[in-house]
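Visitor: Please take one part of this model and go through it closely. I would like to hear about the enclosed space and the aromatic rings.

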Amino acid sequence: MSSPLQPEQGDLPTGRKDEEPVEGTQHSQRMLSFSDALLSIIATVMILPVTHTEISPEQEFDKGIQKLLATRIAVYLMTFLIVTVAWAAHTRLFQLVGKIDDTLALLNLACMMTITFLPFTFSLMVTFPDVPLGIFLFCVCVIAIGTVQALIVVYAFYFPHLLDPRIGRSAHRGLYQRHILGIVLRGPVLCLAAACFSLFFYPLSYLLMATVIFLPYVSKAASWCKSRVTGPREPPAPSMELFTFDLHEPLSKERVEAFSDGVYAIVATLLILDICEDNIPDPRDVKDKFHGSLVAALSEFGPRFLAYFGSFATVGLLWSAHHSLFLHVRRATQAMGLLNTLALAFVGGLPLAYQQTSAFARRPHDELERVRVSCVIIFFASIFQFATWTAALLHQGETLQPAARFGGQEHAFMFAKLALYPCASLLAFVSTCFLSRFSTAIFHLMQLAVPFAFLLLRLLVRLGLAVLRALLRAGPRREEDVRSPLLPDLHA
């Protein structure tokens, strides 16, 4: 017997899901690519107000500066994650909407235009954290984004031929509409409350905005606890399974990859923009100070170029690890999506790490604190990436290709690749606690050593596994065929 939660067999069209669009409509793939690119750019450029935190040469990297920087980083992480909530709602929305027409494309463009205003409101928030106006304007933008997305839902359901065929021809179309509206408007409603509280008690506004990020997971945890206390109950009829925030619900792997690639690409671009902006000598200085020698003038920027290449290598190798991970992912769960988003939030902070390391030559007395800030950013960017893979292993039968599962021929290699940067950054951070005088040298050594380790990683893993297998076979159990999930067959 079919459930009202799922499209009934009679509701399903006989044609394919990607059937030719009717006249006046077109497929939504190109619009979605544009939206994903724009959302990844907006999420990433919000690090700029943090990287451009002005610290005069007379100031030391004292507790006041550290508190200011920590506050701005915290606000950046919160707003980055709120943008990803808007992206997730957009993803959910276009799981229903399969085709677009001119009106729907313009509505989506209005949504994207509102999103592009978020970095300005974020700049106000980080520059004037105690003034309600920045918080109020940011919340108004989020409310406007949710309102336009709700208009897209209403418009698409008014013209069912724009919907996914399974939904457009379903007898329960109204149920789907109400549910997706609830998902789209959940965050804006909280931001409406945050905007009101910003007028007289702004700390509560920040709390409500942070709640937007984790509300789906809090709701899931509350439902689980309630079921434990009251016992299992009959599911409500009807209950929607297709578009809930279930932690095990598969996400669109393609859109996760597109959004992630956009973040990595923009971060790499921001690095070279800083080089172009801050490392071009003034013509008057070249003429007066360096007697017209551009080479001599550029030599002063040598340490900054070293920091740039090291930072770009970090971004590129983290992307390489991310690419390898999702190459082996069959489907992404909601938990993997959250961990991947947290990893991307810290990847977006890598321009700040570059700003810190490029300042070594100008402010050598602060190098220890700056090295530690950079190590912390790199550590969290990479450890959440490692955690994404760990979450995939918990449901490896559904989420991973056989080669990357326990005992697969790529398992040990993936473990080593994803653990390399967390271990290297943690080791560099701990080393500065004992060898603070050499903190800059330690950091640059890490930046140079990790790329070479990546190049030789597969060989090193094979050698390490061969040595470990030989040691195990030489032990007391040498007569047994010793197998371990971390020791795949090297000849497979």
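Guide: Helices here are DSSP runs of H or I with at least four residues, numbered from the N terminus, and lining residues are those with an atom within 4 Å of a cavity point. The model is predicted. With those terms, helix 3 gives the most to the lining of the second largest cavity, namely three residues.

That cavity belongs to a set of four of 30 Å³ or more, found by searching the whole structure. The second largest holds about 50 Å³ of space. Its lining consists of I47, I73, Y76, L77, A345, F346, G349, L352 and I377. Two elements give two or more residues to this lining: helix 3, which covers 63-96, and helix 14, which covers 334-347. By residue class, the lining has eight nonpolar residues, one polar residue and no charged ones. Gly counts as polar under the classes used, and G349 is among the lining residues.

Both of these helices also carry aromatic residues that pair with rings elsewhere in the chain. In total, the structure holds 14 aromatic pairs. One of them joins W87 and F259, which are stacked at 4.8 Å centre to centre with 25° between the planes. W87 lies in helix 3 and F259 in helix 10 (residues 253-278), so the pair links parts of the chain 172 residues apart. W87 is classed as buried because its relative accessible area is 9%, and the cut-off for that class is under 20%. F259 is buried as well, with a relative accessible area of 2%.

A further stacked pair consists of F346 and F380, with 5.1 Å between the ring centres and 25° between the planes. This pair again links distant parts of the chain: F346 is in helix 14, F380 is in helix 16 (residues 367-394), and 34 residues separate them. F346 counts as buried at 16% relative accessibility. F380, in contrast, counts as partly exposed because its relative accessibility is 31%, and that class runs between 20% and 50%.

F346 therefore appears in two settings, as a lining residue of the second largest cavity and as a partner of F380 in a stacked pair. F346 also belongs to one aromatic cluster together with F379, F380 and F384.

One further ring contact involves a charged side chain: R372 lies over the face of F429, at 5.7 Å from the ring centre.

Technical notes. Residues numbered from 1 in each chain as written. Predicted model: local features only at pLDDT ≥ 70, side-chain atom pairs only at ≥ 80, totals over all residues. Heavy atoms only, no water. 1 Å grid on protein atoms, 1.4 Å probe; cavity = no way out; pocket = protein on both sides within 12 Å on 5 of 7 lines; lining within 4 Å. Points joined across faces, edges and corners; volume = space filled by probe spheres on them. Phe/Tyr/Trp six-rings, centres within 6.5 Å; stacked < 30°, edge-to-face > 60°. Buried < 20%, exposed > 50% of the residue type's maximum accessible area, 1.4 Å probe, protein only. Lys NZ or Arg CZ within 6 Å of the ring centre and 35° of its normal.
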